[in-house]
Amino acid sequence: MPPRASKRKSAPPNSSSVTSSDGRSVSSKAKIKGLEKIDRLFNTYANSSFGMIDPEGIEALCSDLGVDYTDVRILMLAWKLKAEKQGYFTQDEWQTGLKALGVDSLSKLKKALSDLEKEVEKPSNYEDFYTYAFRYCLTEEKQKSVDIESICELLNLVLGVQFRPQIDSLIEYLKVQNDYKVINSDQWINFLRFCKEISFPDLENYDAIQAWPLILDNYVEWMREKHS
């Protein structure tokens, strides 16, 4: 004898409860399909020997996206993917990052780059991105500092648009000084703080007694002598 039908009206099905003929929910199938598309895109650029996208794959991706390999948006993409190794994207990083962006195709990724710029520009995200940019340049195990040449390129890339006069001047100093061959994380973080807090080019509110790295004390001294 079949069970007696309930007199209560059943709630309308939602997306998570709708099932297809094979018993899987529609939303579950959509997620799986989306992940498959993300993986197909990954495999387009991945080196099958390593199972990850390598520098050659990233260059091919940049070419298809119509952006330069050195475009800051590629660094922003690496930040969104939480890529641990410079020039490489693992499949897990790719999946997590593209899902967070809501992207599963090249055309969507191309459109997402401008949205990613806006996301990074938010004050709550920018310092994290800036800190990440330094960590991304630590290519060797236990490496804690980055060479001056790379730092100059990185400063130009991540701060040049916002603080062009300060960055041009700081890069000029870094290239002519002989006291420092590398820059550490603390110095890097303080470059951003300097650009945000110190009036430029007069540097009137710079106080060497405050906790500034010595390299910035030296830079300010160099600037004052240059303009005296």
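This section describes the charged and aromatic side-chain pairs of a predicted model.

The protein chain has 228 residues, and 39% of them are buried. Its secondary structure comprises ten helices and four strands. Read from the N terminus, the order of elements is α-β-α-α-β-α-α-α-β-α-α-β-α-α. Among contacts with a separation of 6 or more, 60% join residues 24 or more positions apart.

Seven salt bridges are present in the structure. One of them joins the side chains of lysine 37 and aspartate 104, with an N to O distance of 3.8 Å. Lysine 37 belongs to helix α1 (residues 26-45) and aspartate 104 to the loop between α4 and α5, so this pair ties together parts 67 residues apart in sequence. The C-alpha atoms of the two residues lie 5.6 Å apart in space. The partners differ in burial class. Lysine 37 counts as partly exposed because its relative accessibility is 29%. Aspartate 104 counts as buried because its relative accessibility is 16%. The cut-off for burial is under 20%.

Aspartate 104 also has a partner further along the chain. The loop that holds aspartate 104 runs between α4 (91-101) and α5 (106-121). From there, the side chain of aspartate 104 makes a polar contact of 3.1 Å with the side chain of lysine 108. Lys37, Asp104 and Lys108 are thus joined in a network of salt bridges.

A further salt bridge links lysine 80 and glutamate 119, whose closest N and O atoms are 2.7 Å apart. Lysine 80 lies in helix α3 (residues 72-81) and glutamate 119 in helix α5, so the pair ties together parts 39 residues apart in sequence. The two side chains are also joined by a polar contact of 2.7 Å. Lysine 80 is buried because its relative accessibility is 18%. Neighbours within four places in sequence aside, the contacts of lysine 80 are Gly97, Ala100, Leu101, Leu116 and Glu119.

The salt bridge between arginine 193 and glutamate 197 is placed within one helix. The side chains of arginine 193 and glutamate 197 meet at 3.3 Å, N to O. Both residues lie in helix α9 (residues 185-197), four residues apart, or about one turn of the helix. Arginine 193 is partly exposed because its relative accessible area is 24%. Glutamate 197 is likewise partly exposed, at 44% relative accessibility.

Arginine 193 has an aromatic partner as well. Arginine 193 sits over the face of tryptophan 212, at 3.6 Å from the ring centre. A second charge is placed over a ring at lysine 85, which lies over the face of tyrosine 88, 4.6 Å from the ring centre.

The structure contains 15 aromatic pairs. One of these, formed by phenylalanine 194 and tryptophan 212, is edge-to-face, with 6.1 Å from centre to centre and 80° between the planes. Phenylalanine 194 lies in helix α9 and tryptophan 212 in the loop between α9 and α10, so the pair ties together parts 18 residues apart in sequence. Phenylalanine 194 and tryptophan 212 are both buried. Elsewhere, ring pairs link Trp79, Tyr126, Phe129, Tyr130, Phe134 and Trp188 into a cluster.

Aspartate 217 is a charged residue without a salt bridge. This residue lies in helix α10 (residues 214-226). Aspartate 217 is buried, and the nearest side chain of opposite charge, arginine 224, is 8.1 Å away. A salt bridge requires a nitrogen and a carboxyl oxygen within 4 Å. Beyond its neighbours within four places in sequence, aspartate 217 is in contact with Tyr206, Ala208 and Trp212. Tryptophan 212 therefore recurs in this part of the description: its ring pairs with that of phenylalanine 194 across helix α9 and the loop between α9 and α10.

Notes
Residues numbered from 1 in each chain as written. Predicted model: local features only at pLDDT ≥ 70, side-chain atom pairs only at ≥ 80, totals over all residues. Heavy atoms only, no water. Helix = DSSP H or I, 4+ residues; strand = E, 2+ residues; numbered from the N terminus. Buried < 20%, exposed > 50% of the residue type's maximum accessible area, 1.4 Å probe, protein only. Lys, Arg positive; Asp, Glu negative; His and termini not counted. Contact = heavy atoms within 4.5 Å. Polar contact = N/O pair within 3.5 Å; in protein donor to acceptor, adjacent residues only side chain to side chain. Phe/Tyr/Trp six-rings, centres within 6.5 Å; stacked < 30°, edge-to-face > 60°. Lys NZ or Arg CZ within 6 Å of the ring centre and 35° of its normal.
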